[in-house]
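Here is the note you asked for, written as numbered points that can be read beside the picture. Please keep the sequence and the structure open while you go through it.

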Amino acid sequence: MPRNFIDGNEIRLTVKDKIFCDVEFYSGQKFENLEPRRLFPVSGLSEYITFLDENGDEQFIVRKLDNMEPEQKALLQGCLDEYYRIPRITKLITRTEKHKIWMWTVDTDRGVYTFEIINHIQSMKMFHDKRILIKDGNDNFYEIPNIYELDKRSQKLILPDM
Amino acid sequence: MGGETMIPKDLLINKQPAPQIHSVAEVQFKGDEKPLFAVVGDLELDSKYGEGAVYVSENKIVSVGNMFDGGFISLDFASIDEIKVKRMYGNAFLRAKTVGGSTIDLMRFTFAAADICDAAADFITKVKAGETVESRFAAVESAFRNMRSFCPKCGRKLPYPNAECLNCQGKSKIFSTLARYIKPHVGTLLICIVLSVITTVAALVPPYVTSLMVDNVIPNKDKRMLIYVILFLLGIYLAQYAIGAVRAYILRVTGDKIIADLKKEIYAKAQYLPMKFYDKTSTGSVINRVNSDTTILQQFMLRITQEAVVQFFTMFGIIVIMLTMNWKLTLLSLIPVPIVVFCSRYFGKKIGPLYHRIWRRSVSISSILSDTIPAVRVVKSFSSEEKAIGKFSRHVDDWLYEDKKVAKVSAIFPAIITFLITCGSVIIWFVGGNMVIETPEKLSLGVLVSFISYTSMFYNPVNFFANLSDSYQNALASTEKVLDIINAEPEHNFGKGSELENVSGKIEFRNVNFSFDRSKKVLNDVNFVIEPGDVVGIVGTTGSGKSTLINLLMRFYDDYDGEILIDDKNIKDIDMSYYRSQIGYVQQEPMMFHDTIFNNIAYSCPNAHPEQVLNAADIANAHGFISRLPNSYDTVLGERGIGLSGGEKQRLSIARAVLKNPGILIFDEATSAVDSETEKLIQDAINNLIRGRTTLMIAHRLSTLRKANKIIVVDKGNIIEFGSPEELMALKGKYYKLIQIQSMSEQVAAEKAAENFE
């Protein structure tokens, strides 16, 4: 079956239960309880959003979030933000290390949290846009949108490991 | 309440919550009712960090958190229609659907608590379905045990219960680990040090002789003395360089021995590391550690044990000689030393992180090499040579960028240090020159010339120690990487545990739950029993968890919840080596080594008699094609078996299993990548092999399961059907549907084949 790509401005969403939504096309076609997911949750946050039904079958793909009407985009963005919980680190408060097990205490947009990085070589990745993605020992993700926008001390602590 | 707390002190709980959470919860349990276990989550429902908890008793669940009116919500099991963990990305909900149809989020948490929340949801679902509280609570305890393998000292998670905590090992562990490799060569290294001291003393003599020449021999025109002095100098130089050559040879051999030991140990350790290590570590990274990092470590160890000692003696000797010559000039010459030391410390701090970054870039390069060179056929088939070159070039450029930074720091700092040292010599020339001119009786020209020579010699060791931090930082980066393997927890019961008298082949999975990482549960409460001699087909769609069942049975992964038993004995209590020797495993993509066909078959039994190997090949339907090869059993296969077809490699793989003569056989889609004719040959080989042995066969083509007397149907990590093929056909469930679909597609394929034939 060919993939159903849509631009995004031809649908109307109703969010149900945080991460699920009902979708109605302007053509009249309706879908219930769809779960939007990013096809590129690491490299393309606002592109190619797939909508899965309760069986996990894909119904359609929105090419770009930016193509949607602002109100609709905000609703979908809200759904995705609920599903993809990647706290944004705003400050590295403390960092201790022993035998390559790192303990970070960070301030994030969701509060202060302490986590462990088991292997900092595998678990930290810096992208060309200066974004850093970190995976902790429990497989949770954290993001630093731009390392150079953190305070100098945090930069000094993080950059040598990148 | 009567003042009596309803929360047992020994409550099974993952961590202690805030006291107010406990106090809200305990009010909800009345009379004899007490919670059996509790799970503390780390998020608020709005996804901010915070604390919430669920308390589960025999018949109700109480969720406590700020988001509920009154701070809690209590649900009887009877009012719950469905309860499950909804895993998302980096977080999850424990979500209940009530009989009334409403959905309630009981708790939100990061993946830190996901496994035990799964266990809690399973507990409620199964108890509600009529299973006993005791049996389900055992599964919950198992999940908690896995979760609670923390170091009692520092609280960090351990790879398995009672494992040694890497975090709590002292800092000296790094040095003691390295010292272990030097220890066997201490005698040789001591000899080298003695030789070094002799050459050092010899090197200190010529400047002293120079002062004699300048002050006495030349002014007195004493030719006889001149010849003696020259001959003496020649003797000293000869001794110095001859002994130096012997020392260099001994050092080279000793260094090679150290590096050989180190490489062997890393490789040996790498063999026993669990699959989880390889899931998270690239091949390139491991290769880099065995090759480059060991070399850096060897160089560093020799620098520390040899050069540092020599340089120290040189420095000490020079200071003593200089002090005896002129203490004032000696103190003057020491002026730059604190600045040099300060600079070197600063240099070390600056360059250390840069070496880490270079290492990361080197690993990326190695990873690309180990990825693309073996896959060169794919690269060529897609004409992707330029793309591959481009990608490699980008990574090399990244490395070059970092290396340039190191080069800059490495070039500037030593230059600064050398300049400071030169300043010291200039000061000596200035002050000493004045003294020779003004008070020649206090300082002669010969002594000044000699002193200048000693000063320049003195700064060699100073320079050495100043730059030592550079190689120290480089070595430290490599040490960390090497220790990452050496200190990694191996599969922990090799050589431990018991052996069974003989393996009859009964296999039992009891409440087994597993996930590779916490983001997705791969096996969910798996329970089944396979009797000795059963031939069991495992079917299901791709990604349903079939191969994971086998991975756990093979003990490639040991960190699952629940128990797997062979002949009623927990496989974790059986010696790993013995255990695996009892299982014949034929993989979907058989791995062959760059060796002869004979050795590839005999891999499972290196001391096998040639006739045993021939017999094994015969049973595996491989003897025919092998004997037709020009070099027959002596044919050397290319890397990963290049030179043989997929079906031929598969039959060699089966021959390996035949030779092993195991009690249990596992075939993981052994015929998935071969044509019908080859499939028949392989199937015949399998049929020859499985007689009387417990056999597990994963198969996409259900036609290959004709010999199976039991079928396990796996779907999304759950065992949804288990029984004889006849029972499952009568059930008309998933297996029935799969058979229907395959029968139709086989019919269509047969019709198409017939049309083409006509």
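What share of the contacts in chain B between residues at least 6 apart in sequence join residues at least 24 apart? The points below begin with how the model scores, and then take up this question.

1. Please bear in mind throughout that this is a predicted model. Its scores are an ipTM of 0.88 and a pTM of 0.67. For chain B the pLDDT averages 83, and 91% of the residues reach at least 70. As a general caution, where pLDDT is low, the predicted coordinates should not be read in detail.

2. The answer to the opening question is 72%, counted among the contacts in chain B between residues at least 6 apart in sequence. Chain B has 758 residues, of which 34% are buried, and its secondary structure comprises 22 helices and 18 strands.

3. One helix pair in chain B deserves a careful look, namely α6(B), which covers residues 223-272, and α8(B), which covers residues 283-325; they pack at an angle of about 145°, with their axes 9 Å apart. The crossing of α6(B) past α8(B) is right-handed. On the side of α6(B), the residues that make the contact include L251(B), G255(B), I258(B) and I259(B), while α8(B) contributes, among them, V286(B), R289(B), V290(B) and T294(B). Sorted by class, this contact of α6(B) with α8(B) holds 12 nonpolar, five polar and two charged residues.

4. How many residues of chain A are in contact with chain B? There are 28 of them, and they meet 28 residues of chain B. On the side of chain A that touches chain B, the elements giving two or more residues are α1 (70-83), β9 (111-117) and α2 (120-123) of chain A. Of these, β9(A) gives the most, with four residues. By class, that side of chain A consists of 12 nonpolar, seven polar and nine charged residues.

5. Chain A also contains an open sheet of three strands, in the order β10-β11-β12, and the pairing in this sheet is antiparallel. Its edge strands are β10 and β12 of chain A, each of which pairs on one side only. Neighbouring strands of the sheet are turned against each other by 15° on average, if direction is ignored. In general, strands of a sheet pair through backbone hydrogen bonds, either parallel or antiparallel.

6. To follow the pairing strand by strand, you can start with β10(A), residues 124-126, which is joined to β11(A), residues 132-135, by three bridges. In this pair, M124(A) has I134(A) as its bridge partner, and K125(A) stands opposite L133(A). The two strands form a hairpin with five residues between them, and in the turn K130(A) has a positive phi of about 75°.

7. The next step across the sheet goes from β11(A) to β12(A), residues 141-144, and here four antiparallel bridges make the link. I134(A), already met as the partner of M124(A), stands opposite Y142(A) in β12(A). These strands, too, form a hairpin with five residues between them, and D139(A) in the turn has a positive phi of about 70°.

8. Which residues other than glycine in chain B deserve a second look for a positive phi? One is R555(B), with a phi near 65°, and another is K732(B), with a phi near 55°. These values are worth noting because most residues other than glycine have a negative phi, and most peptide bonds are trans. R555(B) lies in the loop between α14 (546-553) and β12 (561-566) of chain B, whereas K732(B) sits in the loop between α21 (725-731) and α22 (734-757) of chain B.

9. Are these two residues buried or exposed? R555(B) has 19 other C-beta atoms within 10 Å and is therefore partly exposed. K732(B) has 10 such atoms within 10 Å, so it counts as exposed.

10. A last residue to find in the picture is G28(A), in the loop between β3 (20-25) and β4 (30-38) of chain A. G28(A) counts as exposed because it has 6 C-beta neighbours inside 10 Å. G28(A) and I11(A) are separated by 17 residues in sequence, and their C-alpha atoms are 9.5 Å apart in space.

Terms used: Residues are numbered from 1 along each chain as its sequence is written. Chains are lettered from A and ligands numbered from 1 in the order in which they are written. This is a predicted model: local features need pLDDT of at least 70, side-chain atom pairs count only at pLDDT 80 or more; totals for chains, interfaces and linings use all residues. pLDDT is the predictor's confidence in each residue, from 0 to 100. Two strands pair if DSSP finds at least two bridges between them. A residue is buried if 20 or more other C-beta atoms lie within 10 Å of its own, exposed if 12 or fewer, and partly exposed in between; C-beta atoms are placed from the backbone. Two residues are in contact if their C-beta atoms, placed from the backbone, lie within 7 Å. Axes are lines fitted to C-alpha atoms, for helices over the stretch in contact, and angles run from 0 to 180 degrees between N-to-C directions. A crossing is left-handed if the near helix is turned anticlockwise from the far one by less than a right angle, and right-handed if clockwise. Ala, Val, Leu, Ile, Met, Phe, Trp, Tyr, Cys and Pro count as nonpolar, Asp, Glu, Lys and Arg as charged, and the others, Gly among them, as polar.
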